[in-house]
Amino acid sequence: MSLLVVGSVAFDALETPYGKVERTLGGAATYFAIAASFFTRVHLVGVVGDDFSEEDAAIFRGRRVDLAGLERAKGRTFFWAGRYTADMNDRVTLATELNVFATFNPKLPAAYRDSAYIFLANIDPVLQLRVLQQTRRRPKLVALDTMNYWIERTPAELRETLKHTQVLMINDAETRQLAIEHNLLRAAAHIRRMGPRTLVIKRGEHGAMMVHNGSVFAVPAFPLEEVRDPTGAGDSFAGGFMGYLASSGRTDAANLRRAMVYGSVLGSFAVERFGLDRLRTLKRAEIQARARHFWQLTRFRL
Ligand code: AMP
């Protein structure tokens, strides 16, 4: 089933205790699309500037990523710079240069308007809603990511977009901030009243938790000996989650749980190397092997 993502395609400058890169391809939609393309075809809607070369676009080649919705505008591509703390649990944003993103108005090519699965990556909630308004029929599942910036600055617009969203995928701090409630289960109940029937809380090295129709499901973060760069973990998680759901075509509780595992698998690969480096070389068989490893990691008898 068709999967659409709208979000940033970016150049990132990254700094972690393991090293530094001055300029590497990134962006939420990029991580998402690469991760999801292991499962299904992905339609990408976003914008890049005239500094985005054929070489940059090469990462999408040979994958099931359709770039008909990737606009090219005059000017520079969105740029983000971030630095991680020594334990990698926190990061500071050093620069956000919107560039061509500042005037971005997402336009869905005709072929994308029937998308059954839609991921609205972290952008202005007004733009997220505009994407949904361009669909020709009701999508089967809309998932949304957001951040403190939008929760603080555009609360009314975010509330409006959430009314049309079935799955909210955010981190624990954002959950608490949005719900104005510290306890995550009580926060989930608040968020359900805003629209999304499913809440996926990403908790970094503590894994991820899903609250769906009152039941709770949790997956650990895959134990890794080396985490080099957490950038894109959340978007890769979302790509694995949505890619799996779209490829199976079902959104029942059992499938949502499997999607949580595939989300964790893709997130865990993304952090093993800098930027997109690990996803570039990843193979479908490695995904399946790690999903089985997750099963071994968590099974026990009572
Ligand atoms: P994540 O680590 O999953 O939160 O996503 C990191 C990616 O998000 C980076 O590659 C950035 O280019 C992108 N990013 C950072 N800030 C923003 C923003 N304000 N809007 C859109 N994308 C962003």
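**Ligand shell, second pocket and some loop residues**

Modeller: A polar side-chain atom of S8 sits 2.8 Å from a nitrogen atom of the ligand. This is a predicted model.

Colleague: Which residues come nearest to the ligand?

Modeller: There are 17 residues around the ligand. S8 is one of the five that come nearest. The full set is S8, D12, G27, G232 and D235.

Colleague: How far is a backbone N or O atom of G232 from an oxygen atom of the ligand?

Modeller: Start with G27, where a backbone N or O atom lies 2.7 Å from an oxygen atom of the ligand. G232 also uses a backbone N or O atom, and its partner is an oxygen atom of the ligand. The distance for G232 is 2.8 Å.

Colleague: What percentage of the ligand's accessible area does the protein cover?

Modeller: On its own, the ligand has 510 Å² of accessible area. The part covered by the protein is 85%.

Colleague: Which element gives the largest share of the shell around the ligand?

Modeller: Four elements give two or more residues to this shell: β2 (10-16), α1 (28-36), β6 (78-84) and α8 (233-248). The largest share is 3 residues. Those residues come from α8.

Colleague: How many residues of the shell around the ligand are charged?

Modeller: Sort the shell by class. It has 7 nonpolar and 7 polar residues. The charged residues number 3.

Colleague: How far apart in space are I34 and D235?

Modeller: I34 lies in helix α1. I34 counts as buried because its relative accessible area is 0%, under the 20% cut-off. In sequence, I34 and D235 are 201 residues apart. In space, C-alpha to C-alpha, the distance is 9.8 Å.

Colleague: Now the second largest pocket. Which residues lie nearest its centre?

Modeller: This pocket has a volume of about 290 Å³. Its lining is made of 14 residues. Nearest the centre lie V261, A291, F294, W295 and T298.

Colleague: Which element gives the largest share of the lining of the second largest pocket?

Modeller: Three elements give two or more residues to the lining: β13 (215-219), α9 (253-270) and α11 (284-298). By class, the lining has 9 nonpolar, 2 polar and 3 charged residues. The largest share is 6 residues, and they come from α11.

Colleague: Is M88 buried or exposed?

Modeller: M88 lies in the loop between β6 and β7 (91-97). Phi of M88 is near 65°, a positive value in a residue other than glycine. Its relative accessible area is 12%, below the 20% limit, so M88 is buried.

Colleague: Where does N99 lie, and why does N99 count as partly exposed?

Modeller: N99 is found in the loop between β7 and β8 (117-120). N99 has a positive phi of about 50° although it is not a glycine. Most residues other than glycine have a negative phi. N99 counts as partly exposed because the value falls between 20% and 50%, at 27%.

Colleague: Which residue's backbone oxygen does the side chain of S115 reach?

Modeller: S115 lies in the loop between β7 and β8. S115 is buried, because its relative accessible area is 2%, under 20%. Its side chain comes to 2.6 Å from a backbone oxygen, that of Y112.

Terms used. Residues are numbered from 1 along each chain as its sequence is written. This is a predicted model: local features need pLDDT of at least 70, side-chain atom pairs count only at pLDDT 80 or more; totals for chains, interfaces and linings use all residues. Side-chain values use heavy atoms; hydrogens and water are left out. A residue is near a molecule or strand if one of its heavy atoms lies within 4 Å of it. A polar contact is a pair of N or O atoms within 3.5 Å; within protein, one must be able to donate a hydrogen and the other to accept it, and residues adjacent in sequence count only if both atoms are side-chain atoms. Accessible areas come from the Shrake-Rupley method with a 1.4 Å probe; for residues, only the protein chains shown count as cover. Ala, Val, Leu, Ile, Met, Phe, Trp, Tyr, Cys and Pro count as nonpolar, Asp, Glu, Lys and Arg as charged, and the others, Gly among them, as polar. On a 1 Å grid over the protein atoms alone, a cavity is a set of points where a 1.4 Å probe fits but cannot get out, and a pocket is an open set with protein on both sides within 12 Å along at least five of seven lines; lining residues have an atom within 4 Å of a point. Grid points are joined across faces, edges and corners, and a volume is the space filled by probe spheres set on the points. Buried means under 20% relative accessible area, exposed over 50%, partly exposed in between (1.4 Å probe, protein chains only).
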